[in-house]
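This report concerns one molecular structure and its bound ligands. The sequence and coordinates are shown first, and the account follows.

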Amino acid sequence: MTYSVKEMFYTLQGEGFHTGRPAVFCRFSGCNLWNGREKDRATSICRFCDTDFVGTDGQNGGKFREARELAQRIADFWPADQAHRFVVFTGGEPALQLDETLIAALHDVGFECAVESNGTLPLPPSLDWVCISPKGSAEVVIEACDELKLVFPQADAQPERFSHIHAQHRFLSPLNDWTQAQLSPAQNNNTQACVQYCLEHPQWRLTLQTHKVLNID
Ligand SMILES: C[S@@+](CC[C@H](N)C(=O)[O-])C[C@H]1O[C@@H](n2cnc3c(N)ncnc32)[C@H](O)[C@@H]1O
Ligand SMILES: Nc1nc2[nH]cc(C(=O)O)c2c(=O)[nH]1
Ligand code: SF4
Ligand SMILES: [Mg+2]
């Protein structure tokens with residue numbers, strides 16, 4: 001299996017349950033809900049993506065032929081002699097490439113493995129943390145996860161549609177309109193809509209894209 005990686009970096013998890021936790025991000029190339037080309041965005045299933053996941057030309061990106069080689073590159077980001085090793089696989093859609101072999105190689109070098117996925121494809125069972133973020137009308141096949149993190153509002157993906165999914169934590173994440181000048185969360189109407197929805201449906205909590213507020217990776 002050759003893994004195509006757009007970029008890798010060491011930062012703080014910006015969103016959801018693990019917000020603020022140091023993590024290596026491994027962003028795989030490619031997605032099943034958008035091909036990443038602007039000309040096709042309006043006709044794709046997922047239309048609001050804020051991320052470039054095309055190719056392997058980002059920071060520390062590339063093709064890795066062996067799981068052990070990629071695992072070692074991920075481990076190289078961790079500060080020397082420090083435990084609490086944590087990697088977040090994202091993309092693009094990581095379920096297209098992430099497999100048991102790579103997760104086993106990361107467990108061997110002491111990492112907890114998390115994923116950010118759109119939930120439309122099966123995921124390797126050995127993952128330590130699964131965050132599912134449903135997109136539009138796309139069917140979610142994952143029935144249980146650690147964290148459901150729904151971008152809100154989405155006309156075709158209202159929170160009630162996911163009440164059957166078993167999740168330890170349910171978060172609403174304000175839709176960030178990448179076509180507009182970046183507003184602070186408080187100035188964004190979608191944040192106010194999330195606040196209102198959480199107040200009326202207290203099984204949901206608010207999460208913010210804190211890395212964007214902090215202007216870090
Ligand atoms: C780029 S996606 C990659 C992982 C996976 N394909 C997914 O959609 O969950 C990473 C995270 O960014 C979120 N995201 C993408 N575009 C966004 C936007 N415009 N506003 C808020 N969150 C966004 C996604 O919902 C997901 O939680
Ligand atoms: N700091 C930081 N946190 C994140 N959480 C999810 C991200 C993603 O793009 O999947 C992301 C990201 O790109 N950066
Ligand atoms: S599913 Fe995830 S990676 Fe794919 S286009 Fe949507 S937000 Fe971007
Ligand atoms: Mg991101």
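The text below treats the strands, then one helix, then the surroundings of two ligands.

**Strand pairing**

The model is a predicted one. Strand β1, residues 3-12, takes part in two antiparallel pairings: 7 bridges join β1 to β2 (residues 22-28), and 3 bridges join β1 to β3 (residues 62-64). Within these pairings, Y10 stands opposite V24 of β2, while V5 stands opposite G62 of β3. Strand β2 also pairs with β4, in the parallel sense, over 4 bridges. Strand β4 is in turn joined to β5 by 4 bridges, again with the two strands running parallel. The table collects these pairings, with one pair of opposed residues for each.

| Strands | Sense | Bridges | Opposed residues |
|---|---|---|---|
| β1 and β2 | antiparallel | 7 bridges | Y10 and V24 |
| β1 and β3 | antiparallel | 3 bridges | V5 and G62 |
| β2 and β4 | parallel | 4 bridges | V24 and V87 |
| β4 and β5 | parallel | 4 bridges | V87 and C113 |

Two residues recur in this scheme. V24 is opposite Y10 and is also the bridge partner of V87 in β4. V87, for its part, also stands opposite C113 in β5. Strand β4 is mostly covered, with 4 of its 5 residues buried.

**Helix α2**

Which residues of helix α2 (residues 67-75) are buried? They are L70, A71 and I74. Seen down the helix axis, the buried residues of α2 fall within an arc of 100 degrees, so they line one face of the helix. In general, an α-helix has 3.6 residues a turn, so residues three or four places apart point the same way. The buried residues of α2 pack against the strands β1, β2, β3 and β4 (86-90), and also against helix α3 (100-108).

**Surroundings of ligand 1**

Ligand 1 has 19 residues around it, of which D50, T51, N118, S133 and N176 come nearest. By class, this shell divides into 6 nonpolar, 8 polar and 5 charged residues. Strands β5 (112-117) and β7 (144-152) each supply at least two residues of the shell.

Two of the nearest residues, D50 and S133, lie in loops. D50 is in the loop between α1 (38-41) and β3, and S133 is in the loop between β6 (129-132) and β7. Is each of them buried or exposed? D50 has 11 other C-beta atoms within 10 Å and is therefore exposed, since the limit for that class is 12 or fewer. S133 has 22 C-beta neighbours inside 10 Å and so counts as buried, the threshold being 20 or more.

Their contacts, leaving aside neighbours within four places in sequence, can be listed as well. D50 is in contact with N176 and W178. S133 is in contact with E116, N118, K149, L150 and V151. N176 and N118 thus appear as contacts of D50 and S133, respectively, and both are also among the residues nearest to ligand 1.

**Surroundings of ligand 3**

The residues around ligand 3 are C31, L33, W34, C46, C49, T51, F53, G91, G92, E93, N118 and K135. By class, they comprise 6 nonpolar, 4 polar and 2 charged residues. T51 and N118 belong to this shell and are also among the residues nearest to ligand 1.

**Annotation record**

An unreviewed UniProt entry lists F48, C49, D50, G92, S133, P134 and K135 under "binding site". Among these positions, D50 and S133 are among the residues nearest to ligand 1, while C49, G92 and K135 are found around ligand 3.

Methods: Residues are numbered from 1 along each chain as its sequence is written. Chains are lettered from A and ligands numbered from 1 in the order in which they are written. This is a predicted model: local features need pLDDT of at least 70, side-chain atom pairs count only at pLDDT 80 or more; totals for chains, interfaces and linings use all residues. A residue is near a molecule or strand if its C-beta atom, placed from the backbone, lies within 6 Å of it. Ala, Val, Leu, Ile, Met, Phe, Trp, Tyr, Cys and Pro count as nonpolar, Asp, Glu, Lys and Arg as charged, and the others, Gly among them, as polar. Two strands pair if DSSP finds at least two bridges between them. UniProt positions are given in the numbering used here, feature names are shortened, and annotations may be inferred rather than shown by experiment. Two residues are in contact if their C-beta atoms, placed from the backbone, lie within 7 Å. The arc is that of the directions from the helix axis to the C-beta atoms.
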